[in-house]
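Trainee: Got a minute to go through the rings and one of the helices in this one?

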Amino acid sequence: MRKYFSTFVFVAFAFFCNAQDVNIRIHVKGVYSTKVSLLPLSGSGALKAFIEKNNIPGGEIVDLTIPKDRLPGQFVLRFDYVDKQGAVPYPSEKNIIIGNQNLEIWARPKAVNNSDSTYYQKGERENTLFSEFSRENGKKKTQLALLQNFLMNYDAPKSKFYQTGYEEYELRRKEYNLWLTSQIKLNEDAFVSRIFQFQYVPQFNLNGTEKERMDNMVDHFFDMIDFKDPLLAKTSDLKDWMNNYVNLYGTRATNVSLRDSLFTLAGKRSIEKAKLGDPLVYGWMVDYFYTGFESFNITQGMKMLQPYLDDPYCLTNKRQAIEVRLKGMETLVPGSLAPDFPWKLNSGKVIQFHDFKTEAKYKLVMFWSADCQHCKELMAKLYPWYQNPVYRDMMDVFAISMDETDTEISAWNKAVIDYPAFKHKRAEKGIRSAEATAYFVLATPTLILVDAKTNKIVALPETVEQLEKEMK
């Protein structure tokens with residue numbers, strides 16, 4: 001079975017990638033010097049630079065080599081430029097699409113998105129095609145949007161005038177989708193044509209109530225998406241498209257419990273659709289919902305993913321992470337013994353967490369990162385709440401940082417000064433540290449409330465409100 005997958009994927013990608021690296025030659029213009037970076041918009045390490053070239057003088061040429069395993073794809077070409085020596089660098093960014101064609105770019109960082117100042121070599125395919133498509137697509141969609149806006153706001157849907165408008169809308173919608181299909185077919189040898197399909201306008205009921213419209217949009221959301229194309233998983237648009245789908249469910253949530261149920265339902269329906277397509281897209285969909293469930297700590301969603309992990313047809317990149325999380329959900333529960341780990345006292349002596357003596361009733365283990373937005377939001381509520389003498393007497397807080405890079409460590413060193421009432425340490429290997437592994441931590445923040453006498457887990461709160469409730 002695995003051999004079959006390898007052959008299938010190779011055949012699907014060979015036409016576009018042709019198993020070769022791609023070179024980008026950039027002519028830098030109009031600045032004193034610049035740093036040049038390339039960041040992928042999707043896949044592993046999304047929005048993190050994997051190529052950097054420093055101190056490129058204006059008037060010089062810089063070459064970037066994109067490894068074949070990252071192609072084709074959508075990227076951000078970033079310049080951090082200065083006008084004169086010693087000046088503070090100023091950023092500018094341009095989204096680019098890279099297929100199997102070497103690129104040559106004449107770039108003026110100050111006007112990187114101005115086609116008169118920054119442009120490609122003659123005969124460049126992917127980006128030129130995308131630009132031409134976007135202009136024509138915008139014209140056609142404007143007319144559809146006008147008709148749709150009229151139909152959704154007109155107060156007499158039973159009138160003949162409305163019905164005439166609806167018929168015109170449907171005629172234009174079908175004509176537009178046919179045009180879109182012809183553009184995809186015409187340019188099927190270009191990676192960018194995979195992006196075109198996200199512009200399809202599916203059928204939905206404009207005559208119904210708001211709920212009926214919403215249900216209809218959900219039912220027809222994936223009508224025109226080709227899940228059998230493995231290159232779909234290489235686009236960044238797939239994630240944006242899925243965010244829109246999940247938001248249709250989120251708008252119905254009136255409480256956290258309902259939100260979790262709806263998001264789990266959205267995941268189930270989406271994965272079942274993708275399951276009928278290419279293994280890479282199927283795996284991408286499982287990864288997408290795992291990331292979402294982990295972010296919101298949706299336990300039922302995690303459990304829903306289990307059957308797909310057992311499916312060899314599902315080429316998920318996060319199989320191991322999901323399995324670890326599921327194992328943690330089974331073993332790290334209230335009543336179980338909290339995993340032990342070493343803790344360095346202010347005196348320099350190292351003792352085990354279990355042996356830490358305290359007059360408090362509870363010990364709160366908190367995994368966090370100074371550079372994590374959710375952590376910052378939690379800290380903004382947790383620390384002021386903890387200043388209440390009642391809670392400080394009841395609980396000691398053990399804040400374990402997951403920060404690893406120099407930038408993150410610097411942010412952590414500054415942040416701990418703002419939280420002197422907590423006990424702090426930094427796990428040397430971050431998310432791969434012994435502490436994070438023992439507590440099955442795959443995202444921050446994570447809170448574990450522990451009984452100080454027995455060292456047994458009391459609760460796994462997600463918010464300050466839940467923490468306060470468990471302590472009472």
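Trainee: Which ring does the charged end of Arg70 sit over?
Mentor: That of Phe50, with 4.2 Å to the ring centre. A charge sits over a ring if NZ of Lys or CZ of Arg is within 6 Å of the ring centre and within 35 degrees of the ring normal. Lys140 lies over the face of Trp179, at 5.2 Å from the ring centre.

Trainee: What should I know about the model?
Mentor: This is a predicted model, where local features need pLDDT of at least 70 and side-chain atom pairs count only at pLDDT 80 or more, while totals for chains, interfaces and linings use all residues. Residues are numbered from 1 along each chain as its sequence is written, and side-chain values use heavy atoms, with hydrogens and water left out.

Trainee: New topic: which residues of α13 are buried?
Mentor: In helix α13 (residues 406-415; helices are DSSP runs of H or I, at least four residues, and strands of E, at least two, numbered from the N terminus), they are Ile409, Trp412 and Ala415. Buried means under 20% relative accessible area, exposed over 50%, partly exposed in between (1.4 Å probe, protein chains only).

Trainee: Why do they line one face?
Mentor: Seen down the axis of α13, the buried residues fall within an arc of 125°, taken from the directions from the helix axis to the C-beta atoms, so they line one face of the helix.

Trainee: And which residues are exposed on the other side of α13?
Mentor: Asp406, Thr407 and Lys414.

Trainee: What covers the buried residues?
Mentor: The cover includes β11 (362-368), β12 (395-401) and β13 (423-426), with contact meaning heavy atoms within 4.5 Å.
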